[in-house]
Amino acid sequence: MKSQTRVVVIGGGIAGCSTLYHLTQEGWSDVVLVERDELTSGTTWHSAAQVTNFGMNQTMVGLKSHSIALYQELRDDPDYPVNYHHGDGGIRLANTEAQMEGYRHFASMARGIGVEFEVIDAAECARRHPLISTDDLLGGLWDGSDGDIDPAQLCQALARRARKAGAEVYRNTPVTGLTQHKDDSWTVHTTKGDINCEIVVNACGYRVNEVGAMMGVHHPVTSMEHQYLVTEEIPAIRDAGHRMPLLRCPISDYYSRQEKNGLLVGFYEQDCKTWGLDGIDPHFVNALCPDDLDRIMDVLEGAFARMPALEEAGISTVINGPITYTIDGAPLVGPIPGKRNAFCIIGLRAGLGEGGGHGWLLAQQIVHGEAVYDTWCIDPRRFTGHGNVEMTALKAIEDYRNEFRFHFPHEHRPAGRPAKTTPLTPVLAAEGASFGVVNGWERMEYIKPSPDFEPTHSFRFDEAFDVVASEVEAVRTGVGLTEVNGFNRYELTGSGVHDFLDRMICSRVPRKSGKVGLGYLLNHHGNVKTEATVANLPASDRGPARVWYGSAAAAEWHDMDWLMANLTPEDDVSIRSLTNEHTILVLAGPKSRDVMRSVSRDDWSKAAFPWLSVREAFIGIAPAVVMSVSFSGELAYEIHVPNAQLHAAYLALRKAGEAHGMRLFGSRAVESMRMEKGYLHWKADILTEFDPYETGLDRFVKMDKGFVGKAGVAGRQANGLRKRLVTLSVDCTHAPAHGGASVMRGDAVVGTVTSGDWGHRTGLNLAYAFVDPELAEIGTTVEIDILGERVGGSVIAPPYDPDYALVRA
Ligand SMILES: Cc1cc2nc3c(=O)[nH]c(=O)nc-3n(C[C@H](O)[C@H](O)[C@H](O)COP(=O)(O)OP(=O)(O)OC[C@H]3O[C@@H](n4cnc5c(N)ncnc54)[C@H](O)[C@@H]3O)c2cc1C
């Protein structure tokens, strides 16, 4: 066994084998995999091993496409052919028009990454899957590339190829401890000796937290028991002359695929069970949980009703095994939060189908620092402090029970709520607020017109449309107040802060005391990593001069990681997170200055406190940091208040606002207004796939100074733009163009929507999209595939207050 290597991958299921293989593909051959038992002896060996292409966003569809292409290649390898049924096809069923519309959106989204799904009616479903009845069925989504693979052969094939490329695999070698050294390298302790390495990867399936504990972290991953059964031969299958497609049923929560001449049917019962929360027997190897068919009776009936042939079929095998879940159902593939040189590929609940792609994206992150796709949807840093064991278990149960029911826009499911609140949450609830969840934070979406107001889940504009319109109108014509909690905020102190930020940000960082500026941080490839507001707080009796770095609510761990990774011992910089200590109250609208004047004794005139200023002040009796910045496009003040004084500040503002007709407004009004103004959302419109020029941020790039990513962006510039982010005016009134929707010209996909919403001040249906650069000219016409319909659209300039007169007023 080697005692020194570059990467140690711990765990020899599909996750570990795929990572090892892809590391060699990315050019690193001095890599090893250690497995406590035999390869695939965790969950992988007993997987139903279906391989599908469906995903909720382009990253998921793209990585699954990679799996499918790789598995085809392995199937066709004459030296070690893998048994892979590719192209049986698969149907996701639907019994409501809203589900069908969702499928139409996902088909539009997948087309942009080269995958064609078909939305078919009930009769066509039955034609393609002759065993199903069409009772209570509207239709479904057809995924032509669905199939299944032999999981053990797949892992052996990947390990075999990795070994051929120089990697080594040590079986029956349990990892017993991990030690990190001062230079961030690791020693992996095993029963057979130590291995020193630069980087460790946790790919330990349901034992993820045993290995997590060895490095002092808890991963938000829990296991659920999951059962499938395999039937004896079914004559109709034997005689069909073709293989049966896969089925996924969100109506009765089961799936099926053909196994020999019978069916394999798996269940997501409501009466489901977590597994291993209190520890896992060390001897649970190549093992299963006890069968429990009683538990699945509710869903079994639904499967029988859909496929009556099942009722006649004998059962040959029952499998009940642990399957891992995270807080939002997607796995954790990327850097381990708070650790250096440590990565994970864990929480896979569809690891056979996705594993090829996840290993590919992880290897790219390890070797190149970033993958070809934006990987935020699988980034381990997307859950912050609330990702504990209890929360994970609650969300895992909820997710398991809804396995095939996708989230609708604005749908926030109830388990594990409230997780993060402020003193204002109950106050706003009493005002009638409807809440959504942002990184665990309960954030006000709008004030409900009546206590029982509950919009229908839909991809169309919903019943909240007019409610949001009236909140926007109140802000446009008068003044509105909202709470933005969980906003990421670090305080930076030390003599080197401005030089450090200037190095990290591609534009010039404001250095003047009392000034605020917006900037972008690039990765080493010159693509946009994150967006930050930098505010220079003047010295006062509350403290010395200091800098506040603000960014998206979910970016707390992500941005800290990036800043810390670039901080050197020579930099005199300290960084402290204030994210959980402060909350923002936003006052917006032409009368917001009048409210500020009545609630705070400072001079709030334009001359004394112009746009992009920051100062400390008192809001009534509450100390606050006030910034004159605006995400709505109206004159506005961001009032940052310590949570202990938040209620006091809110009461003072409410009282002062009475005379000015102040209304509460929520995040949906903000969304409408920011789109009219051309402002971007991190991880919707700001993606690591594009550089600042492609993202339309040209004015923020100063090539006459040094910054992280400068060489990358210079190199990228030489190759020209790949895409360009534009604002589109969309010619329909029934639905927004949701993120992912394809922008078309004729039959060609020429772009992808990133955000879409109704602009209530302009009366325009607006979308942002990355389109082919030659289509970025104002006035260019395109079509957008919205819920299966081609809708006209044209490129426009951000339509609201293009001269910034209102924010500067
Ligand atoms: C009943 C069932 C049906 C399923 N059906 C499908 C399906 O149809 N399609 C699909 O895509 N997915 C399916 N899945 C999910 C899929 O099987 C899993 O996502 C996948 O197998 C997980 O692979 P893994 O490599 O992450 O974990 P595992 O296969 O559990 O591998 C982890 C490995 O880490 C090793 N390990 C743990 N601790 C240590 C240590 N200390 N030192 C060294 N090694 C260690 C273990 O021994 C194990 O081999 C199903 C799961 C179940 C339970």
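How far does a polar side-chain atom of Ser 47 lie from an oxygen atom of the ligand? In this predicted model, the separation between these two atoms is 3.1 Å. The protein covers most of the ligand's surface: of the 1,000 Å² that the ligand exposes when taken alone, 96% is buried by the protein.

Two further polar approaches to the ligand involve the backbone. A backbone N or O atom of Leu 348 is placed 2.8 Å from a ligand oxygen atom, and a backbone N or O atom of Ile 14 is found 3.1 Å from an oxygen atom of the ligand. The shell around the ligand comprises 38 residues, of which Glu 35, Thr 43, Thr 44, Gln 50 and Gly 353 come nearest. Classified by residue type, this shell holds 18 nonpolar, 15 polar and five charged residues. Several elements of secondary structure contribute at least two shell residues each, namely helix H1 (14-25), strand E13 (222-231), strand E18 (315-325) and helix H10 (351-368).

The cysteines were examined next. The number of disulfides in the model is zero. Cys 17 takes part in no disulfide, and the nearest cysteine sulfur, belonging to Cys 155, is 4.4 Å away; a disulfide would require the two sulfur atoms to lie within 2.5 Å. With a relative accessibility of 1%, Cys 17 counts as buried. For Cys 125, the closest cysteine sulfur is that of Cys 249; because the two sulfur atoms are 11 Å apart, they are too far from each other for a bond. Cys 125 is likewise buried, its relative accessible area being 0%.

Attention then turned to Asp 698, which occupies the loop between helix H18 (667-677) and helix H19 (710-718). Asp 698 has a relative accessible area of 33% and is therefore classed as partly exposed, since that class lies between the limits of 20% and 50%. When residues up to four places away in sequence are set aside, Asp 698 touches Pro 692, Tyr 693 and Arg 724. With Arg 724, the contact includes a polar one between the two side chains, at 3.1 Å. Along the chain, Asp 698 and Gln 365 are 333 residues apart, and their C-alpha atoms are separated by 26 Å. Gln 365 falls within the range of helix H10 (351-368), one of the elements that supply residues to the ligand shell.

Methods. Residues numbered from 1 in each chain as written. Predicted model: local features only at pLDDT ≥ 70, side-chain atom pairs only at ≥ 80, totals over all residues. Heavy atoms only, no water. Near = heavy atom within 4 Å. Polar contact = N/O pair within 3.5 Å; in protein donor to acceptor, adjacent residues only side chain to side chain. Areas by Shrake-Rupley, 256 points an atom, 1.4 Å probe, with all protein chains shown as cover. Helix = DSSP H or I, 4+ residues; strand = E, 2+ residues; numbered from the N terminus. Nonpolar A, V, L, I, M, F, W, Y, C, P; charged D, E, K, R; others polar. Buried < 20%, exposed > 50% of the residue type's maximum accessible area, 1.4 Å probe, protein only. Contact = heavy atoms within 4.5 Å.
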